[in-house]
Amino acid sequence: MVKDQEFLEKKASYCLGLAKKLGATNANVIVNNSVSETVNFRNKKLDESNRSDDLRISITTYIGKKKSSISSSNLVNDNLNILIEKCIETTKNTPEDEFNSLPDRDLLAKEVKDLNLYDDNHIENNQKIDYLKKLEAAASNDKKIINTESSFTQNKSNFILANSDGFCDGYKTSSFTASSVTVAKDEQSMERDYEYSSKCFLKDLDDADELGKLAANQTIQKLSPKKIGSEKIAIIFDKRIAKGMLSTFASAISSSAISRGTSFLKDKVNQKIFSDKINVFDKPDMLKGLGSRSFDSEGVKTDTLKLVDQGVLKHYLIDTYNGKKLNLKSNGRCGGTSNLYFGNGNISFKDLLNLNSKSLYITETIGHGSNIVTGDYSVGATGFLVENGEFKYPINEITIAGNFKDMFENITLANDLEFKYATNSPTMLIEGMVVAGK
Amino acid sequence: MSNFFEKTDLSRMEAENIISDTLQKCDDGELYLENSKSESILLDDNKIKNSSYNSDLGFGFRAISDEVVAYSHSNEISKNSLNQSSENLKSTLKSAKGTYNHEILKSNKKYYDNINPIEQKSFDEKIKILNDVNNYLRSKDKSIKQVTANFLGEQKSLEIIRSGGETLSDVRPLIRFNVSVMLEKNGRKETGVYGIGGRQSYDSYLKDDNWKSVCDEALRIASVNLESKPAPAGEMKVVLGPGWPAILIHEAVGHGLEGDFNRKKTSAFHNLMGQKVASEGVTIIDDGTLDKRRGSLTIDDEGTPTEKTVLIENGILKNFMQDRLNARLMKTRSTGSGRRENYRHIVLPRMRNTMMLGGNQTQDEMIKAVDKGIFAVSFGGGQVDITSGKFVFNCTEAYEIVNGKIGSPIKGATLIGDGPSILKEVLMVGNDMMMDPGIGTCGKAGQGVPVGVAQPSILINKMTVGGTKL
């Protein structure tokens with residue numbers, strides 16, 4: 001069982017008290033407990049069971065404008081005493097930074113709404129096994145599938161965030177995640193693909209049969225891929241890849257990248273960076289949302305932000321430290337975005353496929369080719385050639401490249417937004433990117 | 001050396017009894033105890049932005065029956081917690097009827113010293129060096145707009161208790177020092193990053209103002225990139241510089257030669273043992289025994305002494321990298337490659353220091369042999385799809401080659417290739433074998449472990465370069 005609020009609060013207040021006693025002018029404590037249980041299957045047989053119980057405490061102490069932090073998984077008071085003493089010593093020896101401080105008191109979250117993020121249901125390992133048996137049966141139905149691996153995880157977490165200005169709150173969250181990875185083979189090739197579902201509530205999880213079938217079909221479709229020539233071509237990003245554009249966008253508008261001057265979106269607030277039809281939202285209070293939260297990781301209240309309005313950048317993602325540096329107030333984004341998404345476009349998925357007589361539909365990218373300093377983008381990719389709205393054949397061993405500044409201006413979105421992850425995008429088309437192949 | 005049972009309600013004897021009882025009908029398994037201390041000090045934007053210290057303690061209890069692994073981990077070393085884990089393992093493996101394999105190799109060799117690098121240099125000295133780095137760089141070049149430098153130090157103590165009470169232990173030091181600079185000139189911004197590290201004290205690397213050479217290298221890379229032009233797109237010849245570019249070897253063939261993927265037949269290499277997978281003259285080894293290198297281990301995370309494993313010898317596939325589980329199921333021996341990020345994770349067969357051995361050609365000969373291609377000197381990260389065999393890596397310093405001559409620098413681009421065939425496309429192997437500076441971390445199944453790579457310059461017949469210039 002995940003530790004209750006009382007235990008976590010007791011540890012937090014012990015640490016705050018001791019830090020103050022040893023000379024901290026301010027302090028901040030986070031105590032986390034996370035218990036997860038996983039069962040893995042491979043080729044229709046039990047492969048692994050894994051239980052993890054993680055307890056962790058992070059303490060930041062301030063002496064005036066000096067700051068240092070410690071963290072530990074050993075919450076025995078003897079150990080905490082040694083660590084807090086060490087933290088205070090280090091704080092004294094760390095140079096001052098005028099921007100160091102706890103959040104402004106008036107910005108701290110006052111009320112914590114119940115966002116329906118915790119399901120008390122517990123799924124026993126044998127029930128997970130039943131689910132995975134069904135999933136694997138569906139996934140391995142076709143003879144071309146030569147290996148299946150699937151996994152079911154239940155996670156329950158609880159946390160407390162407390163600071164010396166009197167903030168002390170936290171809540172439980174849960175997640176249930178099922179995934180299927182399949183390998184298919186034919187004479188020319190061997191390919192892998194996957195499908196997955198993750199929900200706060202057990203009853204909302206995708207059907208096992210559906211998940212297995214989807215994973216298998218997506219894998220089989222990739223068999224016998226071809227390599228195409230190098231050219232400029234319209235690229236359609238599957239939803240699971242399109243959301244990555246939003247993640248890059250979020251890193252580029254983080255107040256840390258902005259204040260350090262290491263973002264291609266520095267000084268772009270109130271400027272047009274996307275085409276007119278693009279809107280981007282970050283909505284923390286979505287019920288059962290995978291990215292939902294009642295306050296950020298400093299305890300600052302979080303309101304919904306329309307980050308991009310008709311193509312115009314409206315906000316950076318601001319925490320206390322970088323906010324003070326930029327002379328802006330924190331908007332509760334310490335720790336990043338919550339439920340981040342592009343608003344729907346106004347054409348259907350089918351119409352998007354038909355916008356160009358020839359386009360490339362990308363289902364997977366590999367490599368770390370996003371540079372937020374320059375905006376340059378270059379990654380390895382696999383997908384399908386689409387001609388006149390029809391999927392023609394699978395493609396691999398190509399790269400796609402461009403610069404985010406141009407790419408953002410040339411995005412067209414379909415109207416098929418779903419909330420499958422914490423960051424979500426409808427299917428996305430970008431004109432004018434370069435494919436390198438043969 | 002940590003005494004994991006001090007100040008707990010659990011004696012070593014009691015722990016041994018729980019372990020032996022839990023594993024009695026299992027084929028293998030152990031209790032893994034770990035205590036790590038790490039420190040991170042970061043200078044950024046002219047200030048000490050962060051100083052943090054982390055102390056992590058926990059255990060991972062593993063039981064294996066046939067192919068099935070049961071694992072349970074916790075931070076609380078107590079009778080109650082270990083018993084709960086034991087129940088958990090037993091319930092997964094209730095039908096186990098194996099015989100525990102007590103055999104494990106022994107060795108007295110050590111590849112690093114029992115030191116705590118964090119304590120070997122005072123906090124004030126570290127702060128001073130970071131400030132010196134910042135002042136040195138900013139006074140050197142007016143177009144420097146950002147300097148980031150950090151120290152990362154760690155000491156990890158671990159103990160492995162096997163059924164019957166056999167105990168193996170190791171204490172591993174690890175440090176890293178990184179410098180990153182951003183230049184801005186005529187509205188253009190570019191970065192350069194360089195770092196050093198390994199399993200010894202900071203001073204072994206930083207004595208005599210050695211940090212200046214790290215700064216100079218980061219600045220040199222950023223300056224080169226400031227002049228870079230768009231990279232070409234398409235298939236062409238590629239010359240790789242020596243040292244760190246060996247992450248090509250790591251991604252292209254290393255992962256595909258890990259035991260688990262081959263037992264499961266999901267690697268593109270699973271049916272190629274004994275066959276020719278590389279050009280003649282190409283020999284690749286994975287070595288855990290190099291003195292004080294980042295990827296070296298005295299014992300792996302199952303207690304097996306590490307070794308120098310020949311993977312590909314003169315073009316022929318010779319060995320996969322094995323942990324105990326995959327070795328047993330594939331009827332071979334562990335190569336001391338069983339690793340885990342920490343006690344929270346199960347053991348997987350992983351790389352240590354992966355190297356392509358030197359040949360006898362010069363880098364100059366390689367450049368001269370290329371009409372149109374690129375010369376890749378430094379890389380960021382890489383990634384591989386081991387099933388299709390396709391792999392990528394991102395250049396952070398590269399140049400055009402035109403008619404046998406090095407031309408202008410090109411912008412960061414991704415290179416993509418096919419693992420099983422790329423080594424057959426190796427046209428020349430250089431005589432300038434070099435180790436990387438000790439900065440690599442390899443990710444697999446969500447676990448990061450420190451690794452090393454090494455290679456001489458090599459000439460590859462063709463790879464696809466992912467630039468924007470058609």
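**Notebook: strands, interface and cores of chains A and B**

I began with strand 2 and strand 3 of chain A, which pair in the antiparallel sense over seven bridges. I note at the outset that this is a predicted model. I looked up one position of the pairing and found Ile57(A) opposite Ser72(A) of strand 3. I then examined the hairpin that joins the two strands: two residues lie between them, and Gly64(A) takes a positive phi near 60° there.

I next checked the burial of strand 3 of chain A. Six of its seven residues are buried, so the strand is largely enclosed by the rest of the structure.

**Pairing across the chains**

I asked which strands of chain B pair with these strands of chain A. Strand 2 of chain A pairs with strand 3 (residues 68–74) of chain B, in the parallel sense and over six bridges. Within that pairing I recorded Tyr71(B) as the bridge partner of Asn50(A). Strand 3 of chain A pairs with strand 2 (residues 47–65) of chain B, also in the parallel sense, over four bridges. Here I found Ser71(A) opposite Asn54(B).

**The contact between the chains**

I looked up the extent of the contact: 58 residues come from chain A and 65 residues from chain B. On the side of chain A, the elements that give two or more residues include strand 2 (45–63), strand 3 (66–72), helix 2 (77–93) and strand 14 (376–387). The largest share, 10 residues, comes from strand 2 of chain A. I also sorted this side of chain A by class and obtained 14 nonpolar, 28 polar and 16 charged residues.

**Domains of chain A**

I turned to the division of chain A into domain 1 (5–220) and domain 2 (226–438). Their centres, taken over C-alpha atoms, are separated by 25 Å. Where the domains touch, domain 1 gives 19 residues and domain 2 gives 17 residues. The side of domain 1 that touches domain 2 divides into 13 nonpolar residues, five polar and one charged.

**Helix 6 of chain B**

I asked whether helix 6 (residues 247–254) of chain B is buried or exposed. Eight of its eight residues are buried, so helix 6 is largely enclosed by the rest of the structure. Among them are His250(B) and Glu251(B), together with Ile247(B) and Leu248(B).

**A buried glutamate in a loop**

I located Glu302(B) in the loop between strand 8 (284–287) and strand 9 (308–313) of chain B. I asked why Glu302(B) counts as buried. The reason is that 24 other C-beta atoms lie within 10 Å of its own, whereas 20 are enough for a residue to be called buried. Setting aside residues up to four places away in sequence, I listed the residues that Glu302(B) touches: Glu30(B), Ile160(B), Asp323(B), Arg324(B), Gly338(B) and Val347(B). For Asn80(B), 222 residues apart from Glu302(B) along the chain, I noted a C-alpha separation of 24 Å.

**Nonpolar cores**

I looked last at the cores. In soluble globular proteins, nonpolar side chains tend to be buried together. The largest nonpolar core here has 206 residues, and those with the most contacts inside it are Ile236(A), Val133(B), Ile374(B), Ala376(B) and Leu415(B). I followed Leu415(B) further: beyond residues up to four places away in sequence, the residues it touches include Val238(B), Ala376(B), Phe393(B) and Met463(B). A second, separate core of 28 residues includes Val29(A), Leu55(A), Tyr62(A) and Leu80(A).

Terms used: Residues are numbered from 1 along each chain as its sequence is written. Chains are lettered from A and ligands numbered from 1 in the order in which they are written. This is a predicted model: local features need pLDDT of at least 70, side-chain atom pairs count only at pLDDT 80 or more; totals for chains, interfaces and linings use all residues. A residue is buried if 20 or more other C-beta atoms lie within 10 Å of its own, exposed if 12 or fewer, and partly exposed in between; C-beta atoms are placed from the backbone. Two residues are in contact if their C-beta atoms, placed from the backbone, lie within 7 Å. Ala, Val, Leu, Ile, Met, Phe, Trp, Tyr, Cys and Pro count as nonpolar, Asp, Glu, Lys and Arg as charged, and the others, Gly among them, as polar. Two strands pair if DSSP finds at least two bridges between them. Domain bounds come from an automatic or database domain assignment. A nonpolar core is a set of buried Ala, Val, Leu, Ile, Met, Phe, Trp, Tyr and Cys residues joined through C-beta atoms within 7 Å.
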